[in-house]
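I opened the notebook to look up rings, strands and ligand contacts in this structure. Entries follow in the order I made them.

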Amino acid sequence: MAYLNDNYLKLKAGYLFPEIGRRVKTFCDTNPAAALRLIRCGIGDVTEPLPAAVIAALHKAVDEMGLRESFKGYGPEQGYDWLRHAIAKKDFRDRGLDVADDEIFVSDGSKCDCGNILDILGHQNRIAISDPVYPVYLDTNVMAGHTGEADETGAYAGIHYLPCTAQNGFVPEPPSGKVDVIYLCSPNNPTGAVATRAQLEDWVRYALANQAIILFDAAYEAYITDPAIPRSIYEIPGARDCAIEFRSFSKNGGFTGVRCALTVVPKTLMASTANGERKPLHPLWLRRTTTKFNGVSYIVQRAAEALYSDEGKAQVRTLVNHYMGNAAVLVAGCRAAGFTVFGGSNAPYIWVSAPDGVTSWQAFDKILHDANVVITPGSGFGRHGEGYFRVSSFNSRANAEEVSRRVQALRW
Ligand code: MLT
């Protein structure tokens with residue numbers, strides 16, 4: 001008899017975005033006229049075309065694949081040296097951060113890496129997760145058997161939740177007790193909050209004191225314009241000894257459909273064996289990567305490399321400015337409609353407080369039915385997201401302006 005992974009049966013409903021997709025499809029099927037004017041501000045998926053530098057690099061790489069002399073088969077599982085070098089130098093060393101080329105692991109997505117990283121961490125770790133949170137951190141821990149069952153509020157036994165509320169500016173604080181693995185995301189998905197240097201220093205101090213590891217998701221770092229806000233956890237002294245950083249080309253280069261990301265695992269980062277010996281994690285991640293992954297395609301890695309050219313960097317800046325322009329339009333529209341609004345500066349997500357007494361899913365339904373706009377219900381990100389909804393600024397400017405108008409026309 002074959003057994004299934006019982007942990008999957010503990011998962012609450014579907015993954016948030018497919019669940020939203022299902023509800024939106026039902027709405028569109030039953031309201032074909034409204035479907036024609038539907039605007040999606042739900043999932044944070046980019047809408048603008050790839051930068052010209054990326055298109056040129058893709059064409060060139062495709063042509064290389066068509067010639068015997070330049071054809072490429074399997075590449076290095078952890079990424080081609082030239083891309084790892086470009087990343088380590090331009091994202092880190094040129095900014096004074098100590099990251100070596102071989103500490104960069106190129107992958108097909110941060111979402112995958114955030115889940116896969118659990119392969120090299122022990123099952124006995126106490127896991128701390130923000131609430132609300134990007135659902136991948138929590139669900140992958142459930143799948144890995146790191147939790148008990150969820151209670152009626154959706155909280156899983158065994159997880160240490162870090163409440164993120166308007167009172168703490170949606171940035172979690174280190175707990176008074178001991179945890180071993182901490183997920184941090186700044187700029188934050190879903191709240192759009194950014195952690196200050198002092199807040200990240202507190203976390204690094206906590207992690208070093210407790211021999212804990214911070215899993216730092218920096219997928220939205222390109223959206224930080226305030227020079228005082230750290231774009232990498234490695235800007236904080238000591239972080240090389242306690243943090244893994246995830247980055248993505250999805251939201252800066254528009255690679256959500258192209259697929260390329262990276263994870264930084266410093267060689268100085270240690271964790272304990274079951275009998276208390278301290279060992280580096282880098283060789284484990286290398287072993288995991290070379291065993292379970294065959295690398296990102298040559299063509300896509302050349303495309304990612306193009307983002308680091310002068311032309312590519314300027315085009316990324318234009319893309320980011322475009323989405324941040326949308327964020328400003330959406331923030332202004334939601335405020336004009338009378339909502340209390342968070343995020344939307346240094347981050348592409350806008351976190352909106354629903355009217356008193358209106359739940360997140362009620363707000364979702366109202367906005368879908370009356371404004372024909374898809375947003376994301378805050379409660380889908382955790383209990384402390386209840387009463388909020390998230391608006392994504394990934395859209396055309398015309399759509400952002402139309403959403404702003406429609407939100408102001410709503411009557412609650
Ligand atoms: C989101 O909408 O939260 C993101 O697009 C999801 C992701 O990047 O995986």
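**Charges over rings**

I looked for charged groups above aromatic faces. Arg-302 lies over the face of Trp-82, 3.6 Å from the ring centre. I noted that this is a predicted model. I then found the charged end of Arg-390 over the ring of Tyr-349, at 3.9 Å from its centre. I marked Arg-390 for a second look, as it is listed around the ligand.

**Ligand surroundings**

Which residues are around the ligand? I listed Phe-17, Ile-43, Gly-44, Lys-111, Tyr-134, Asn-189, Tyr-220, Lys-251, Tyr-349 and Arg-390. So I keep both Tyr-349 and Arg-390, the ring and the charge of the pair above, on one list. I then checked contacts of ligand oxygen atoms with N or O atoms in side chains. For Tyr-134 the distance is 2.6 Å. For Asn-189 I read 2.8 Å. For Arg-390 I read 2.7 Å.

**Aromatic pairs**

I searched the whole structure for aromatic pairs and got 24. I took Tyr-323 and Phe-394 as one of them. Their centres are 4.8 Å apart and their planes make 65°, an edge-to-face pair. Where do the two rings lie? Tyr-323 is in helix 10 (residues 310–336), and Phe-394 is in the loop between strand 15 (388–392) and helix 12 (397–409). The pair therefore ties together parts that are 71 residues apart in sequence. Buried or exposed? I found Tyr-323 buried, and Phe-394 too.

Next I took Phe-342 and Tyr-388. The ring centres are 6.3 Å apart and the planes stand at 65°, so I logged this pair as edge-to-face. Phe-342 is in strand 11 (residues 340–343) and Tyr-388 is in strand 15, so the pair ties together parts 46 residues apart in sequence. I checked accessibility for both rings. Phe-342 has a relative accessible area of 23%, so it is partly exposed. Tyr-388 has 14%, so it is buried.

I followed the ring pairs outward from here. They link Phe-342 and Tyr-388 with Phe-17, Phe-170, Trp-351 and Phe-381 in a cluster. Phe-17 also appears among the residues around the ligand.

**Sheet**

I traced an open sheet of seven strands, in the order 2-8-7-6-5-3-4, with mixed pairing. Which strands are at the edges? Strand 2 (104–107) and strand 4 (159–163) are, and each pairs on one side only. The twist from one strand to the next averages 20°.

I zoomed in on strand 4. Strand 3 (residues 127–131) pairs with strand 4 in the parallel sense, over five bridges. Ala-128 stands opposite His-160 in strand 4.

**Two buried polar residues**

I went back to helix 10 for Asn-326. Its relative accessibility is 0%, so Asn-326 counts as buried. What does the side chain of Asn-326 contact? I found a polar contact of 2.6 Å with the side chain of Arg-397.

I then looked up Glu-245, which is in strand 7 (residues 243–248). Glu-245 is also at 0% relative accessibility, so I logged it as buried. Last, I checked the separation from Arg-390. The C-alpha atoms of Glu-245 and Arg-390 are 24 Å apart, with their positions 145 residues apart along the chain.

Conventions: Residues numbered from 1 in each chain as written. Predicted model: local features only at pLDDT ≥ 70, side-chain atom pairs only at ≥ 80, totals over all residues. Heavy atoms only, no water. Phe/Tyr/Trp six-rings, centres within 6.5 Å; stacked < 30°, edge-to-face > 60°. Helix = DSSP H or I, 4+ residues; strand = E, 2+ residues; numbered from the N terminus. Buried < 20%, exposed > 50% of the residue type's maximum accessible area, 1.4 Å probe, protein only. Lys NZ or Arg CZ within 6 Å of the ring centre and 35° of its normal. Pairing = 2+ DSSP bridges. Axes fitted to C-alpha atoms, helices over the stretch in contact; angles between N-to-C directions. Near = heavy atom within 4 Å. Polar contact = N/O pair within 3.5 Å; in protein donor to acceptor, adjacent residues only side chain to side chain.
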